[in-house]
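User: I'd like a close look at one small part of this model, and then a walk outward from there. Here's what I'm looking at.

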Amino acid sequence: MKERTMHQSQTMVALQVGFAMLILLSTHNYCGVEAEFMVCNRTAFESMKLDMSNFRFCDKSLPYKVRAKDLVDRMTLGEKVAQLGDKAVGVQRLNLPGYEWASEALHGVSDAGPGTHFSETVPAATSFPTVILTTSSFNETLWKTIGEVVSNEARALYNLGLAGLTFWSPTINVARDPRWGRIIETPGEDPYVVGRYAVNYVRGLQDVKGYEKTRDPNSRPLKVAACCKHFAAYDVDNWKGVDRYHFDAKVTERDMVETFVLPFKMCVKDGDVASVMCSYNRVNGIPVCADPKLLNGTIRQNWNLNGYIVADCDSVEVMVNGHKFLNDTPADAVAQALKAGMDLDCGKYYPNYATQAVKEGKVTEAEIDVSLKNLIIVLLRLGWFDGNPGGYSGLGKNDVCSPANLELSAEAARQGIVLLKNDKNTLPLVVGTGRPKFAVIGPHANSTVAMIGNYALKSGVACHYSKPIDAIAEYGDVVYAPGCQGVKCPNGDGINQAVQVSKQADATFIFVGLDLSVEVETLDRNDLNFPGFQKALITKISEAATKPIIVIIFSAGGVDISFLQQDPKVQAIIWAGYPGAEGGRAIADVIFGKYNPAGRLSITWYPASYVDELPMSSMSLRPVPESKYPGRTYKFYNGSTIYPFGYGLSYTTFRYAIKSVTNPITLNLGQFQQCKQIQFLDGRKIDCPAVLVDETQCNQTVMVKAQVTNTGKRDGANVVFVYSVSPSGIVGAPIKRLIAFKRVLLVAGTSQVVPFMLNACRDFSIVAEDAYELLPSGQHTIIVGNGDDGVSTQISVGFNHN
């Protein structure tokens with residue numbers, strides 16, 4: 001989504017407060033939380049000389065669908081279309097105020113969207129680590145807890161008149177290519193992990209205690225309304241002249257089902273998200289926001305979305321001026337998007353051209369009514385009409401940036417930080433009785449704003465910043481040398497000074513990497529190297545060093561650090577992502593052993609040569625041997641890596657064992673169920689090689705009990721990964737596929753048995769070339785663990801014909 005200007009944010013305030021707010025000033029206290037705003041306020045109606053009992057949309061005894069219909073039926077066509085942009089203007093005669101739909105809460109409530117702003121009383125909200133780092137914790141409980149805290153702060157800001165209730169987060173696109181500038185926002189490259197992150201974060205944001213499930217999901221109250229974005233196959237922003245406003249993603253149906261839409265399916269079906277945002281790009285020639293198959297067909301009908309579909313900002317205008325789709329006029333584009341199922345336009349095309357589209361017969365008023373009802377029902381579920389649905393009216397300024405919230409931000413950073421190298425057990429660094437001298441060097445050593453990444457706070461103001469240099473100073477005397485003029489490090493002017501500072505130190509910490517000037521929305525990378533003279537900075541310090549060197553990397557996408565892997569003087573490497581405003585103390589806690597790192601990479605780190613082997617605009621995931629195309633992500637990439645998906649070290653050691661597993665699996669087929677053929681590399685033919693998952697009764701579960709033992713001398717957490725591998729020789733099958741994971745904490749010398757309940761069909765299936773999900777028969781392999789320490793067992797899958 002495009003960020004909006006401060007002027008637009010100020011305009012939003014006027015809209016959101018609206019005429020109804022002027023009426024209700026006596027009942028809504030902006031400095032505290034004594035009362036709360038609601039549309040259906042009897043006093044407000046009386047002040048307008050209206051009897052609220054005559055308006056069925058304010059009758060709490062009626063279903064939301066009935067109430068929404070009543071409100072829509074009272075509006076003129078002009079009033080209806082005026083509500084279909086993100087800056088809905090309201091209807092004064094019905095006591096319906098304006099509302100700004102666009103707020104952001106990607107990793108904390110931010111003012112990146114115009115629906116939220118801050119004040120002198122509340123200048124900021126808690127800044128959590130960016131998503132790519134938080135995901136590296138592989139801790140589903142943490143993900144949900146952060147969502148709960150973020151929504152507490154969101155409700156507090158709403159009570160103070162500083163925010164709305166609809167937040168266009170999280171970003172759940174799969175990180176297909178390491179060059180993509182928005183990897184910082186994503187949960188990584190595995191669609192299952194991305195989907196599980198989405199489900200947990202959305203549930204944390206939205207769920208009202210006691211109403212996690214209801215008979216009618218469209219009546220389920222919402223704490224705030226989340227939005228899973230950007231649907232779908234969107235992961236090119238601006239790469240060598242190819243930009244998101246013109247890009248046509250050529251995607252096979254197999255890759256769509258298996259990778260690009262799977263996280264969204266999980267977000268809608270398991271997370272019950274209130275909104276999905278369609279993306280700028282085309283998919284196979286059709287703009288996503290105008291594709292009825294993807295919107296009405298997939299999201300609403302197949303997945304049963306309980307909510308609304310919104311455009312990424314100005315997507316309808318992009319259809320006309322960027323894609324020039326079908327040479328559409330603005331009215332044509334509006335009609336096509338409405339008919340496809342897009343309810344809300346983050347932009348002005350719906351409000352400006354929908355009336356014209358109706359008058360020209362391109363879309364019906366009834367179709368507009370459908371979209372408007374979807375929007376109103378979400379606002380009803382949020383309590384915007386009737387008041388707070390879950391007892392959140394007591395939240396206020398003391399609930400924003402609380403000490404507990406800041407500590408959770410630091411804990412999220414600790415859990416996500418990945419230890420990449422630790423030769424000779426250099427870390428944790430032991431500080432003796434004396435006061436050691438530390439050289440703290442590099443463009444990120446004194447970081448503040450860089451740590452909070454994008455979709456953070458426009459002003460850069462945070463509740464509190466814990467800078468790396470300050471946190472390290474708690475453990476010794478610090479001498480600081482930036483070494484570079486910013487992250488782009490355009491020359492070597494500061495290198496000699498940094499070398500001299502390092503020579504005087506007992507240990508040197510070099511903070512390098514990327515920032516938003518290198519990777520961000522609208523800006524993709526061209527290479528996988530450190531920018532400018534950063535490599536030279538590290539190399540020169542290393543050449544002169546006699547004491548330990550620890551390199552700390554800030555980045556979202558991977559960097560080719562093979563030269564650091566091979567350098568014996570660089571004894572430790574830490575990847576810190578963009579660790580949030582409390583990042584400094586989190587990094588120091590890891591370095592000095594207050595915290596034993598357990599983060600694992602959620603993306604593959606490729607060598608720099610990877611970018612020469614395939615263009616970023618190529619969407620295929622599987623390798624193509626004849627063109628030396630190496631494939632993408634751990635599931636299909638067949639080349640060498642700098643670090644594989646799931647990699648991460650600890651200050652202790654672990655051992656895996658599989659204690660028991662359900663075996664074999666025998667499924668009964670229906671009387672008329674047909675077997676499906678699979679292509680094998682050796683061309684062999686077997687009886688009933690596979691069946692359609694959707695046609696198979698999959699009540700049978702597979703219980704895998706994995707034992708994890710902490711064989712070291714330190715307590716520590718470990719992420720237990722469980723992969724499935726299909727029977728050998730199936731053409732196009734993934735190398736392996738993650739089907740479960742769990743983070744567990746183990747005291748030194750102890751063991752824990754971790755059970756994983758797997759589905760007999762879904763967790764051992766493949767997606768065939770024709771996009772059908774198939775369960776192959778034969779010997780499947782289960783792998784527990786992520787590297788050389790992994791253990792495996794086989795499970796036999798067979799079918800009985802009735």
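In which loop is P664 found?

Analyst: Keep in mind that this is a predicted model. P664 is found in the loop between strand 17 (654-661) and strand 18. The peptide bond leading into P664 from N663 is cis, with omega near 0 degrees.

Follow the chain out of that loop and you're in strand 18, which belongs to an open sheet of 5 strands. The order across the sheet is 18-27-26-21-22, and the pairing is mixed. Strand 18 (665-669) and strand 22 (737-746) are the edges: each has a single partner strand, so one side of each is left without a neighbour in the sheet. Averaged over the sheet, and ignoring direction, neighbouring strands are turned by 20 degrees against each other.

As for how such strands hold on to each other, pairing goes through backbone hydrogen bonds, either parallel or antiparallel. Strand 26 (residues 778-784) and strand 27 (residues 791-801) run antiparallel and are joined by 7 bridges. If you want one pair to click on, try I782, whose bridge partner in strand 27 is T793.

Back to backbone oddities. Another cis peptide bond joins F231 and A232, with omega at about 5 degrees. A232 sits in the loop between strand 3 (228-231) and strand 4 (238-239). Then there's K324, which has a positive phi of about 50 degrees although it isn't a glycine. You'll find K324 in the loop between helix 11 (315-321) and helix 12 (330-340).

Next, the covalent cross-links. Searching the whole structure turns up 8 disulfides. One of them pairs C278 with C289, and their sulfur atoms are 2.1 Å apart. The torsion about that S-S bond is about 110 degrees, so the C278 and C289 disulfide is right-handed. C278 lies in strand 7 (residues 275-278), while C289 is in the loop between strand 9 (286-287) and helix 10 (293-302), so the bond ties together parts that are 11 residues apart in sequence.

Now for the helices. A packed pair is described by the angle between the axes and the distance between them. Take helix 7 (residues 191-206) and helix 9 (residues 262-269): their axes come within 8 Å and cross at roughly 25 degrees. With an angle under 35 degrees, helix 7 and helix 9 therefore count as roughly parallel to each other. Their crossing is right-handed. On the helix 7 side the contact is made by P191, Y192, V194, G195, R196, A198, V199 and V202, and on the helix 9 side by L262, P263, M266 and C267. By class, that contact of helix 7 with helix 9 has 10 nonpolar, 1 polar and 1 charged residues.

Helix 3 (residues 64-73) and helix 14 (residues 365-381) make another pair, packing at an angle of about 125 degrees with their axes 9 Å apart. Helix 3 and helix 14 are therefore oblique to each other, and the crossing of helix 3 and helix 14 is right-handed. Helix 3 brings Y64, K65, R67, A68, K69, L71 and V72 to the contact, and helix 14 brings D369, L372, K373, I376, I377, L380 and R381. Sorted by class, the contact of helix 3 with helix 14 has 8 nonpolar, no polar and 6 charged residues.

Note on methods:
Residues are numbered from 1 along each chain as its sequence is written. This is a predicted model: local features need pLDDT of at least 70, side-chain atom pairs count only at pLDDT 80 or more; totals for chains, interfaces and linings use all residues. Side-chain values use heavy atoms; hydrogens and water are left out. Axes are lines fitted to C-alpha atoms, for helices over the stretch in contact, and angles run from 0 to 180 degrees between N-to-C directions. Helices (H or I, at least four residues) and strands (E, at least two) are DSSP runs, numbered from the N terminus. Angles under 35 degrees count as roughly parallel, over 145 as roughly antiparallel, 65 to 115 as roughly perpendicular and the rest as oblique. A crossing is left-handed if the near helix is turned anticlockwise from the far one by less than a right angle, and right-handed if clockwise. Contact means heavy atoms within 4.5 Å. Ala, Val, Leu, Ile, Met, Phe, Trp, Tyr, Cys and Pro count as nonpolar, Asp, Glu, Lys and Arg as charged, and the others, Gly among them, as polar. Two strands pair if DSSP finds at least two bridges between them. A disulfide is a pair of cysteine sulfur atoms within 2.5 Å.
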